[in-house]
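Reader: I've got the coordinates open and I'd like to go through the labels one by one. Can you walk me through what earns each of them?

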Amino acid sequence: MQPSVSCFLSVVFLLGFFAVSVLADEPDFSAKPQKGKQIAQKIELPKSTSTWKKKKDQPLEATFSQLATSKPVDPTQKEDVRFWLFLPADYDESAAAKSWPLLLFLHGRGEWGKDMAKVKVHGPPKYLDSPNIQEQCPFIVVSPQCEEEYCWSAEQLLLLLDELEKTYKVDKSRIYATGLSMGGFGSWLLAETAPERFAAVAPVCGGADVAQAGKLVDLPIWAFHGEKDSVVPVALSKEMVEAVRASGGQKAKITLYPEADHDSWSETYKNGDLYDWLLKNRKP
């Protein structure tokens, strides 16, 4: 059993007034992963075909269906999937060493593109360059970047997990997914595509296809949303959680922030209770 991580990210409250220091320069993708460090990596995978192109003057709501549907990858084409990789400070890669829980974080639309620094603007990667956080983080944390005008492909992300499991000491019974906005949709989509792959998911201000809710009845889900969200309607999270519960799922819950607009992620990702909850869930 992992030790409590209620203190994990607790120091974020003290860091809130500091700007995140990230460089816009291209990171060194050839750097070898290091324990207790967030290092840029890339893996060649089949190309994603999950595009998200918004027509001029088209309301964002009209494109939500694109985010909730993953198209197949194209095996005839390859692309480099770029991501930040964090290994815990006491990570041990020896054969006899224990395996580690893995947290997959999916960013939002504002962070897509090729500037890897953007991925560190929000969520867990925002804090993982802090020495205090690095010492406490008990997860392997993987934070990929989505290409501009593309949305998250569940198929490609699952292939990424396959490669990570081959390379690192990943506890396959403790793989978790979370993400915000476009990444909130992505984490719901991953859960619907391969619910057996995850021990728990935590979508933030996202949504999904309620017709697929029956697939999620056995999966622990903790959704988060701002009640005044002017970008992604709070109804999308509420409807998904209600649909899972109506299908017989007793492990789905939602936290609503009464005064929050679209930014429901800042409060969520600095809450140590989220990480404690994730680690309490393990696949049989």
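**Labels and the values behind them**

Author: Let's start with Lys42: it is partly exposed, with a relative accessible area of 43%. Keep in mind that this is a predicted model.

Reader: What makes 43% "partly exposed" for Lys42?

Author: Buried is under 20% and exposed is over 50%. Lys42 has 43%, which falls in between, so the label is partly exposed. Asp80, with 38%, is partly exposed by the same reasoning.

Reader: How do you know that Lys42 forms a salt bridge with Asp80?

Author: The closest N and O atoms of the two are 3.9 Å apart. The cut-off is within 4 Å, so this pair counts as a salt bridge. Lys42 sits in strand E1 (residues 38-47) and Asp80 in strand E2 (residues 74-86), so the pair ties together parts that are 38 residues apart in sequence.

Reader: What makes Lys114 and Glu147 a salt bridge?

Author: Their N to O distance is 3.0 Å, and the limit is 4 Å, so the pair qualifies. The pair links distant parts of the chain, 33 residues apart: Lys114 is in the loop between E3 and helix H3 (124-127), and Glu147 is in the loop between strand E4 (140-144) and helix H5 (154-167).

Reader: Which of the labels, exposed or partly exposed, goes to Lys114, and which to Glu147?

Author: Lys114 has a relative accessible area of 52%, over the 50% mark, so Lys114 is exposed. Glu147 is at 25%, between 20% and 50%, so Glu147 counts as partly exposed.

Reader: How do you know that Lys270 and Glu267 meet in a salt bridge?

Author: Their side chains are 3.7 Å apart, N to O; that is within 4 Å, so the pair counts. Lys270, at 21%, is partly exposed, and so is Glu267, at 40%. Elsewhere, salt bridges that share partners join Asp162, Glu165, Lys172 and Arg197 into one network. The search of the whole structure finds 13 salt bridges.

Reader: On to the cysteines. Why is the disulfide count zero?

Author: A disulfide needs two cysteine sulfur atoms within 2.5 Å, and by that rule the count comes to zero. Take Cys146: the nearest cysteine sulfur, that of Cys151, is 6.6 Å away, so Cys146 is in no disulfide. Looking from Cys151, the nearest cysteine sulfur is that of Cys146, at 6.6 Å, and Cys151 is in no disulfide either.

Reader: Are Cys146 and Cys151 buried or exposed?

Author: Cys146 has a relative accessible area of 6% and Cys151 is at 2%. The bar for buried is under 20%, so both labels are buried.

Reader: Why is E5 called largely enclosed by the rest of the structure?

Author: 10 of the 11 residues of E5 are buried, and that is what the description rests on.

Reader: How do you know that E5 pairs with strand E3 and with E6?

Author: Pairing takes at least two bridges. Strand E3 (residues 100-106) and E5 have six, in the parallel sense, so they pair. E5 and E6 are joined by five bridges and also run parallel, so they pair too. Ala177 in E5 stands opposite Leu104 and opposite Val201 in E6. The chain crosses from E5 through H6 to E6, a right-handed β-α-β crossover.

Reader: What makes the phi of Ser181 and that of Cys205 worth a remark?

Author: Most residues other than glycine have a negative phi. Ser181 has a positive one, near 55°, and Cys205 has a positive one, near 40°. Ser181 is in the loop between strand E5 (170-180) and helix H6 (182-193), and Cys205 is in the loop between strand E6 (200-204) and strand E7 (221-226). Ser181 is buried at 11%, and Cys205 counts as buried at 0%.

Reader: How do you know that the span of helix H7 is close to the expected one?

Author: H7 (residues 234-246) has 13 residues and reaches 18 Å from its first C-alpha to its last, against 18 Å expected at 1.5 Å a residue. Its buried residues, among them Val234 and Met240, pack against H6, E7 and strand E8 (252-257). Just after H7, Gly248 takes a positive phi of about 110°.

Notes:
Residues are numbered from 1 along each chain as its sequence is written. This is a predicted model: local features need pLDDT of at least 70, side-chain atom pairs count only at pLDDT 80 or more; totals for chains, interfaces and linings use all residues. Side-chain values use heavy atoms; hydrogens and water are left out. Helices (H or I, at least four residues) and strands (E, at least two) are DSSP runs, numbered from the N terminus. Buried means under 20% relative accessible area, exposed over 50%, partly exposed in between (1.4 Å probe, protein chains only). A crossover is right-handed if, with the strands pointing away from the viewer, the path from the first strand over the helix to the second runs clockwise. The expected span of a helix is 1.5 Å times one less than its number of residues. Contact means heavy atoms within 4.5 Å.
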